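User: I would like to go through this structure by question and answer. Please keep the replies short and end each one on the value or name I ask for.

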Amino acid sequence: SVDEAVRTRRCLLSFSRTEQTWRRLFGKRLSRGSGNTESEASFRKHLGLLEKKKDYKLRADDYRKKQKYLRALRKKALEKNPDEFYYKMTRVKLQDGVHVIKETKEEVTPEQLKLMRTQDVKYIEMKRVAEAKKIERLKSELHLLDFQGKQQKKHVFFFDTKKEVEQFDIATHLRTAPELVDRVFNRPTVETLQKEKVKGVNNQTRLKQIAKERQKQYNCLTQRIEREKKLFVIAQKIQTRKDLLDKTQKVKVKKETVNSPAIYKFESRRKR
């Protein structure tokens, strides 16, 4: 009948309006999912967290990344040249399966290190100059005539024939006594010995004492020369460390040794 048809139509309209209201409120959320996956059942909690898709994806990506890295390492090992050499190999050692770079020790003696930490370069330079003056004074007194550390000079004689070489006598040629041939100073000739009287000390004990004192002075001179060299090296090393405080770009040219400082090449800059 007409009344039943009207009631049915009203019900349908009411249902459609309710559906539209539900779709308007929850349509977007229902279309793209709730965003929260189903929670883990309570009886599985003792097994740990349930792996979600995002967890699996992270694990899968990490696995693929590691496999790719291993394939690259295998390829590099297969294509490696056995004769290949790098200078870094001399400074690297394998420790517990890890490459560790060896620390280079500074070539500095304990005495040099102590002086470099406690004294300034000006003080070292002052002491070096004082030693140099003492060395010059000792050299002027001793003349270094029979100094053992002095470089031996050579005296070359020239002859025309082999017979003259075979008959050569150095004492006769120098016109001196055979006992004085080995002397490099105070070597008088035979004529001078015949005309002049011997001057100076004749006592053998006194001569030995004088020779001992002279040798003592030579030893002192040698020690002062070595000390002056060490002070010079220390001053250079201190100055090099001060120069390294500059922020200018630099490259090490030569490593530091016990007898010489490290050499650096600094970037040239135009001064204003």
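User: What kind of model is this, and in what order do the elements of the protein chain run from the N terminus on?

Analyst: This is a predicted model. The protein chain has eight helices and four strands. From the N terminus on, their order is α-α-β-β-α-α-α-α-α-α-β-β.

User: What percentage of the residues in the protein chain is buried?

Analyst: The accessible surface of the protein chain comes to about 25,400 Å². Carbon and sulfur atoms hold 53% of that surface. The protein chain has 272 residues, and the buried share of them is 13%.

User: Among contacts with a separation of 6 or more, what share comes from residues 24 or more positions apart?

Analyst: The count takes contacts in the protein chain between residues with a separation of 6 or more. Of these, the share from residues 24 or more positions apart is 47%.

User: How far apart are the end C-alpha atoms of helix α8, and what span should its residues give?

Analyst: Helix α8 covers residues 204-243, which is 40 residues. At 1.5 Å a residue they should span 58 Å. That agrees with the distance between the end C-alpha atoms, which is 59 Å.

User: Which residues of α8 are buried?

Analyst: Buried here means a relative accessible area under 20%. One residue of α8 that meets this is E228, at 17%. The full set in α8 is Y218, L221, R224, E228, L231, V233, I234, A235, K237, I238 and T240.

User: Which residue forms a salt bridge with R128 from 100 residues away?

Analyst: R128 is in helix α4 and is buried, with a relative accessible area of 17%. Its partner across this separation lies in helix α8, so the pair links distant parts of the chain. The closest N and O atoms of the two are 2.9 Å apart, and the partner is E228.

User: What separates E125 and R128 along helix α4?

Analyst: The side chains of E125 and R128 meet in a salt bridge, with N to O at 2.7 Å. E125 is partly exposed at 31% relative accessible area, whereas R128 is buried at 17%. An α-helix has 3.6 residues a turn, so residues three or four places apart point the same way. E125 and R128 are three residues apart in helix α4, and their separation is therefore about one helical turn.

User: How many residues apart in sequence are the parts tied together by R227 and E131?

Analyst: R227 and E131 form a salt bridge in which the closest N and O atoms are 3.4 Å apart. R227 lies in helix α8 and E131 in helix α4, so the pair ties together parts whose separation in sequence is 96 residues.

User: Is E131 buried or exposed?

Analyst: Its salt-bridge partner R227 has a relative accessible area of 36%, which makes R227 partly exposed. E131 has 8% relative accessibility. As the cut-off is under 20%, E131 counts as buried.

User: Which residues do salt bridges that share partners join into one network?

Analyst: The count of salt bridges comes to nine. Some of them share partners. The residues joined in one network in this way are K57, D61 and R64.

User: What is the geometry of the F157 and F168 ring pair: stacked, edge-to-face or tilted?

Analyst: A search of the whole structure finds two aromatic pairs. In the pair of F157 and F168 the ring centres are 5.3 Å apart. The planes stand at 45 degrees, so the pair is tilted.

User: Where do F157 and F168 lie, and how many residues apart are the parts they tie together?

Analyst: F157 is partly exposed at 22% relative accessible area, and F168 is partly exposed at 29%. F157 lies in the loop between α4 (121-142) and α5 (162-166). F168 lies in the loop between α5 and α6 (170-174), so the pair ties together parts with a separation in sequence of 11 residues.

User: Which residues do ring pairs link into a cluster?

Analyst: The two aromatic pairs come from a search of the whole structure. The cluster that ring pairs link consists of F157, F159 and F168.

User: Which residue in the hairpin of β1 and β2 takes a positive phi?

Analyst: Strand β1 (residues 92-95) and strand β2 (residues 98-101) pair in the antiparallel sense over four bridges. In this pairing K93 stands opposite V100 in β2. The hairpin has two residues between the strands, and the one with a positive phi near 55 degrees is D96.

User: What distance separates the C-alpha atoms of T172 and T189?

Analyst: T172 lies in helix α6 and is exposed, with a relative accessible area of 56%. T172 and T189 are 17 residues apart along the chain, and their C-alpha atoms are separated by 9.9 Å.

Terms used
Residues numbered from 1 in each chain as written. Predicted model: local features only at pLDDT ≥ 70, side-chain atom pairs only at ≥ 80, totals over all residues. Heavy atoms only, no water. Phe/Tyr/Trp six-rings, centres within 6.5 Å; stacked < 30°, edge-to-face > 60°. Buried < 20%, exposed > 50% of the residue type's maximum accessible area, 1.4 Å probe, protein only. Expected span 1.5 Å × (residues − 1). Salt bridge = Lys/Arg side-chain N within 4 Å of Asp/Glu carboxyl O. Contact = heavy atoms within 4.5 Å. Areas by Shrake-Rupley, 256 points an atom, 1.4 Å probe, with all protein chains shown as cover. Pairing = 2+ DSSP bridges.
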